[in-house]
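Me: Hi! Could you walk me through this protein? I'm new to reading structures.

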Amino acid sequence: MHLLSASCVRALLITALLRQASGLEMVSGQYGQTLEIPCKSTGVKEEDIRITKWKYVKEDGLSGDLLVKRRDQNVSVSATDDYKDRVSMSANFSLLLSSAKLSDQRTFTCMQADGSDIQEFSTSVVVYKAPMEVSITDKAEELEIGKPTKLGTCVAAAANPAANITWLRNNKPLVDGGKGIAIGVSVQKDPTTGLLTTSSTLQYSATKEDTDAEFSCSTQHAVAEEMVSPVVTFTITYSTENIALQVIAQDPLEEGDNVTLKCVADGNPAPTSFNFYLKGELVMVENGDSYTMVDVSRDATGEYKCSLIDNPTMEAFAEVVVKYLDINLSLAGSVIKRAGESLDLMLQINASQATKVSWTKDNLKLNKEPKFTKLVFSDTGRYECDVSMGLLSRKASFELVVEGAPVIRQLSKKRSDDGQHKVLICEAEGSPKPSVFWSINGTSLDESPFVNGKITHKIKVVPTANLSVSCTVTNDLGMDSQVINVSSYQLEDSDQTKMVVGVVVGLLVATVVIGLAYWVYMKKAKQGSWKTGEKEDGSSEEEKKLEEKVEENSQKAEV
């Protein structure tokens with residue numbers, strides 16, 4: 001193939017334009033197609049035409065005959081070269097030229113003669129051909145950052161005129177002379193077909209941003225739409241510029257966990273061997289970038305380092321912090337104490353950073369740490385402390401049981417809701433749970449749950465007379481008892497109250513009268529005895545009976 005410069009291609013196009021400017025008609029056609037070259041002679045009527053002849057200008061400038069048609073005769077081909085089998089004439093005397101070639105780009109002349117004159121009409125022919133598919137060849141295996149490298153050659157083959165080529169990076173044009181860009185273009189002519197092949201070579205200095213960048217090239221041609229080559233990508237190589245040490249561990253990192261140190265370098269290809277510095281110990285890792293420390297303790301806290309084996313001055317540092325949280329609660333399990341005693345509670349914390357402490361009693365949050373200077377039954381419960389440090393937490397608990405002999409806090413009475421009964425209420429504290437006993441039989445209404453050492457017991461009674469009722473509470477540690485006076489239900493109205501007062505007063509008067517009568521009786525009895533000489537035994541027995549009667553009436557008066 002012959003090499004043509006871009007200026008030669010432009011010269012061919014200018015020549016065609018000059019031919020058109022000189023007055024010649026121009027006919028264009030596609031390579032390989034049939035061209036129709038019209039015969040446009042003027043002033044000659046078709047019926048007067050005696051002969052029509054087509055000729056062309058050879059490469060040497062001489063004229064060559066193609067074919068001729070005489071009136072009332074068939075077309076006669078006079079060409080003896082390549083045109084012999086490719087030329088014919090249409091009914092309107094146009095020259096039909098099949099399988100158009102680039103060598104057909106010349107001047108063809110139509111001659112027509114009548115009886116008195118001969119006219120000629122010349123036409124210049126231009127043959128176009130779109131390029132074949134565009135592709136990138138001689139691709140580089142990789143691109144090194146900052147080093148000008150031949151990226152590849154974009155080829156647009158077998159065209160006429162020659163195609164223009166544009167290089168693209170991520171679909172954006174690259175301009176010759178731009179930063180790190182040099183583009184060289186050449187055009188080659190096929191010696192057989194005369195078709196032109198354009199080659200464009202891209203010299204490119206890559207950057208890190210070219211990683212995964214897509215390169216392609218496109219063609220621009222006079223008679224064809226733009227074509228774009230398949231995209232190509234390149235491995236971008238560069239030396240390591242930065243190195244980092246990563247700490248891979250669960251959060252929070254606690255004692256007993258594993259920690260992986262990973263050395264990351266930005267070189268491409270990336271380094272595959274590293275030095276790890278572990279608390280003064282050097283560990284070399286080949287064909288890998290990680291080192292794992294197993295079952296770490298709090299002593300593993302500190303600074304660690306990694307570096308490139310082939311360049312130890314390129315190094316990276318990272319801090320490893322093993323968090324720990326130890327707590328010690330002075331009380332644990334079940335703690336049994338007596339009411340009224342004191343109880344010492346101490347929480348010791350050993351942690352790698354500041355902590356927060358919260359307390360609960362029976363799952364209810366307390367505002368502060370519990371203090372037990374004098375235990376009461378309500379202190380009984382399950383206590384739990386929660387010590388937190390970020391996402392790390394520890395818990396400790398104990399069960400406190402405050403024991404003591406039962407004590408009745410209140411013994412009371414009230415009328416039932418239906419107004420037909422008396423409700424007696426005995427409220428007591430003690431631990432273990434006290435048993436409750438009443439001095440009379442009644443209907444049990446309710447016994448409250450035993451919570452914080454407290455219990456409430458209720459019974460329902462219907463007194464028919466004034467009573468003194470006792471409530472007794474007992475457990476393994478002691479007992480307590482209280483008495484409450486309960487009046488008959490029928491005497492509780494206000495009018496009945498007045499009657500009760502009257503009865504009491506009457507009983508008191510009766511007692512006085514009986515006492516006075518007794519005194520008189522005794523006096524007379526003594527006198528009679530002296531007179532009659534009777535024994536005092538009978539009188540003494542009567543006196544005892546009378547005293548018992550007086551005592552009985554006195555008790556009734558008190559109730």
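**A chat about the chain**

Reply: Happy to! Let's start with a bond: Cys154 and Cys217 form a disulfide, with their sulfur atoms 1.9 Å apart. Keep in mind that this is a predicted model.

Me: Is that disulfide right-handed or left-handed?

Reply: The torsion about the S-S bond of Cys154 and Cys217 is about 80 degrees, so this disulfide is right-handed. The pair links distant parts of the chain, with Cys154 in strand S13 (residues 149-159) and Cys217 in strand S18 (residues 215-221), 63 residues apart.

Me: Are those two cysteines buried or exposed?

Reply: Cys154 is buried, with a relative accessible area of 0%. Cys217 is buried too, and its relative accessible area is 0%. For a residue to count as buried, that value has to be under 20%.

Me: How many disulfides are there in the structure?

Reply: The structure holds 4 disulfides. If you count the bonded cysteines along the chain, the pattern is 1-2, 3-4, 5-6, 7-8.

Me: Cool, tell me about another one. Where do Cys39 and Cys110 sit?

Reply: Cys39 and Cys110 are joined by a disulfide, S to S 1.8 Å. Cys39 is in the loop between strand S3 (35-37) and strand S4 (51-57), while Cys110 is in strand S9, so to speak a link between distant parts of the chain, 71 residues apart. Both Cys39 and Cys110 are buried. Their link is left-handed, with -65 degrees about the S-S bond.

Me: And what about Cys426 and Cys471?

Reply: A disulfide joins Cys426 to Cys471 as well, S to S 2.1 Å. With -90 degrees about the S-S bond, the link of Cys426 and Cys471 is left-handed. Cys426 lies in strand S35 (residues 422-431) and Cys471 in strand S39 (residues 467-475), so the pair ties together parts that are 45 residues apart in sequence. Cys426 is buried, and so is Cys471.

Me: New topic. How many helices and strands does the chain have?

Reply: There are 3 helices and 40 strands in the chain.

Me: Can you show me one sheet?

Reply: Sure! Look for an open sheet of 4 strands in the order S24-S23-S26-S27, with antiparallel pairing. Strand S24 (281-285) and strand S27 (315-320) stand at the edges, each with a single partner strand, so one side of each has no neighbour in the sheet. From one strand to the next, the twist averages 20 degrees.

Me: How many bridges are there between S23 and S26?

Reply: Strand S23 (residues 274-278) and strand S26 (residues 302-308) pair in the antiparallel sense over 4 bridges. As an example to find on screen, Phe276 has Cys306 in S26 as its bridge partner.

Me: I also clicked on Asp104. Where is it?

Reply: Asp104 lies in the loop between strand S8 (95-97) and strand S9 (107-113). With a relative accessible area of 0%, Asp104 is buried.

Me: What does Asp104 touch?

Reply: Leaving out residues up to four places away in sequence, Asp104 touches Tyr83, Arg86, Leu97, Ser99, Val125 and Val127. The side chains of Asp104 and Tyr83 are joined by a polar contact of 2.9 Å.

Me: Last one, how much of the whole chain is buried?

Reply: Buried residues make up 36% of the 559 residues in the chain. The chain exposes about 32,500 Å², and carbon and sulfur atoms supply 49% of that area.

Conventions. Residues numbered from 1 in each chain as written. Predicted model: local features only at pLDDT ≥ 70, side-chain atom pairs only at ≥ 80, totals over all residues. Heavy atoms only, no water. Helix = DSSP H or I, 4+ residues; strand = E, 2+ residues; numbered from the N terminus. Buried < 20%, exposed > 50% of the residue type's maximum accessible area, 1.4 Å probe, protein only. Polar contact = N/O pair within 3.5 Å; in protein donor to acceptor, adjacent residues only side chain to side chain. Contact = heavy atoms within 4.5 Å. Areas by Shrake-Rupley, 256 points an atom, 1.4 Å probe, with all protein chains shown as cover. Pairing = 2+ DSSP bridges. Axes fitted to C-alpha atoms, helices over the stretch in contact; angles between N-to-C directions. Disulfide = S-S within 2.5 Å.
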